[in-house]
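Reader: I should like to learn how to read the packing of a protein model. Please begin with the terms, and then turn to the case at hand.

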Amino acid sequence: MPLIIVTGFPTSGKTTRAKQLHDYLSERIRESSPSTPPRYRLHLISDQTLSIPRSVYDLSATPAHVRSANASEKDARASIYGAVKRVLSDRDIVILDGLNYIKGWRYQLFCESKAVRTPSCVLQIGCSKEKAKEVNEERLKRRQERQDPAPESTAADAENGVGKEEKPGEEEEGPYEPENWENLVFRYEEPNPMTRWDSPLFTLIWEDTEEQAKQVFDSMWDTIAGEARKPVRPNQATVQRSRDAGGDYLYVLDRETQDIVKRILDKQSDDGGDEIRIPSGSGNDGDELVVELPAGKKVGLPQLQRLRRAYMGLHRGGIGLEGVGNMGPERIRETFVGYLNDAFEKDG
């Protein structure tokens, strides 16, 4: 099942929306299998669940020449990546609540979900910079009041609601330092729905009600778990090449081409211009392939080995194999004979 990446400005309401999404998906999973064990497992991963403090994103105390290599933030992302990778599968829905402000980081998560053939999507929490900053300043103020309580203001604070229990996720997470908050907003790379790693992109804004949020969650469920879900195929570069029963692909490639070179050397005459018949299989049975040698000269071992190495260099890296399928021994022999005939024709 999919990976849902929550992103947005710091203190823009991401955790609140992530908890709403978690509650919504929990209910949908129960409804989808009321009398049987749940079909899907649900996970909520965040800095808070991994005990990652917000100070890891603070570069204010870091020397300017090492800010680009912020080790604490990289270690935090490594912890998050490991937690996601451990639970991500076709039976697990993972909600990743966090800043996720770097597009390269979102791309890395996209590749990880694609590798396990499960979809991913991005939920952007839209909030103006001014509103997010106001929320952070309020949290800074409440933190300062808790650290330095004024006895004479206790009654007024109680009347104004200071010290009351906050919504889940707000008090525990705490505020960002002002300079850290400004830095994170400056570095934020907004999702682009035109890129495949930020697509599909869903958006909730600060003013959206729970009913509006439910409509977005309904669309998200249809896309990642409902009828609108599309099959996910891993990149061709990450798919392991199929191997012939006779051995490893590279071993088979070396064996079959070496056998053809040996047969040419054994059967050609001193005058050249021969048509060397090569069995299509490793044995002597079956159809035959024909190697047309150039007239007037004998083909030596150095030339054949040079052509053989060039052919193996092309096919060792997988160039041109995407549309071929399984390169078994017969297919290798056929393509190598064709390669030799083309090379001899050009030389002639």
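Author: A nonpolar core is a set of buried Ala, Val, Leu, Ile, Met, Phe, Trp, Tyr and Cys residues joined through side-chain atoms within 4.5 Å. Buried means under 20% relative accessible area, exposed over 50%, and partly exposed in between, with a 1.4 Å probe and protein chains only. This is a predicted model, in which local features need pLDDT of at least 70 and side-chain atom pairs count only at pLDDT 80 or more, while totals for chains, interfaces and linings use all residues. Residues are numbered from 1 along each chain as its sequence is written, and side-chain values use heavy atoms, with hydrogens and water left out.

Reader: Which residues of the largest nonpolar core touch the most other members?

Author: They are L3, I80, V84, L96 and L109, in a core of 27 residues. Helices (H or I, at least four residues) and strands (E, at least two) are DSSP runs numbered from the N terminus. At least two core residues come from each of β1 (3-8), α2 (71-87), β3 (92-97), α3 (103-115) and α7 (178-187). The largest share, five residues, belongs to α2. Contact means heavy atoms within 4.5 Å. Setting aside residues up to four places away in sequence, L3 touches V84, L88, V94, L96, L109, S113, P119, S120 and C121.

Reader: What is the wider setting of this core?

Author: The protein has 11 helices and seven strands. Of its 348 residues, 41% count as buried. Among contacts with a separation of 6 or more, 77% are between residues 24 or more positions apart.

Reader: How should the geometry of a helix be read?

Author: The expected span of a helix is 1.5 Å times one less than its number of residues. Helix α4 (residues 129-147) has 19 residues and reaches 27 Å from its first C-alpha to its last, close to the 27 Å expected. The buried residues of α4 are A132, V135, N136, R139 and L140. Seen down the axis of α4, these fall within an arc of 135 degrees, so they line one face of the helix; the arc is that of the directions from the helix axis to the C-beta atoms. The face turned away from this buried side carries the exposed residues E130 and K141.

Reader: Which residues are buried in α8?

Author: In α8 they are A213, V216, F217, M220, W221 and I224. Their arc around the axis is only 145 degrees, which puts them on the same side of α8. Their cover includes β1, α1, β3, β4 (120-126) and β5 (201-205).

Reader: Is R17 buried or exposed?

Author: R17 is buried, with a relative accessible area of 8%, and its place is in helix α1. Beyond its neighbours within four places in sequence, R17 is in contact with I125, L204, I205, W206, D208, T209, A213 and F217. The C-alpha atoms of R17 and L123 are 9.3 Å apart, although 106 residues separate them along the chain.

Reader: How is empty space found, and which residues line the largest cavity?

Author: Rolling a probe the size of a water molecule over the atoms shows where empty space is left. On a 1 Å grid over the protein atoms alone, a cavity is a set of points where a 1.4 Å probe fits but cannot get out, and lining residues have an atom within 4 Å of a point. The largest cavity holds about 90 Å³ of space, where a volume is the space filled by probe spheres set on the points. Its lining consists of D47, Y57, E73, R77, I80, G98, L99, N100, Y101, I102 and W105. With three residues, α2 gives the most to this lining.

Terms used
On a 1 Å grid over the protein atoms alone, a cavity is a set of points where a 1.4 Å probe fits but cannot get out, and a pocket is an open set with protein on both sides within 12 Å along at least five of seven lines; lining residues have an atom within 4 Å of a point.
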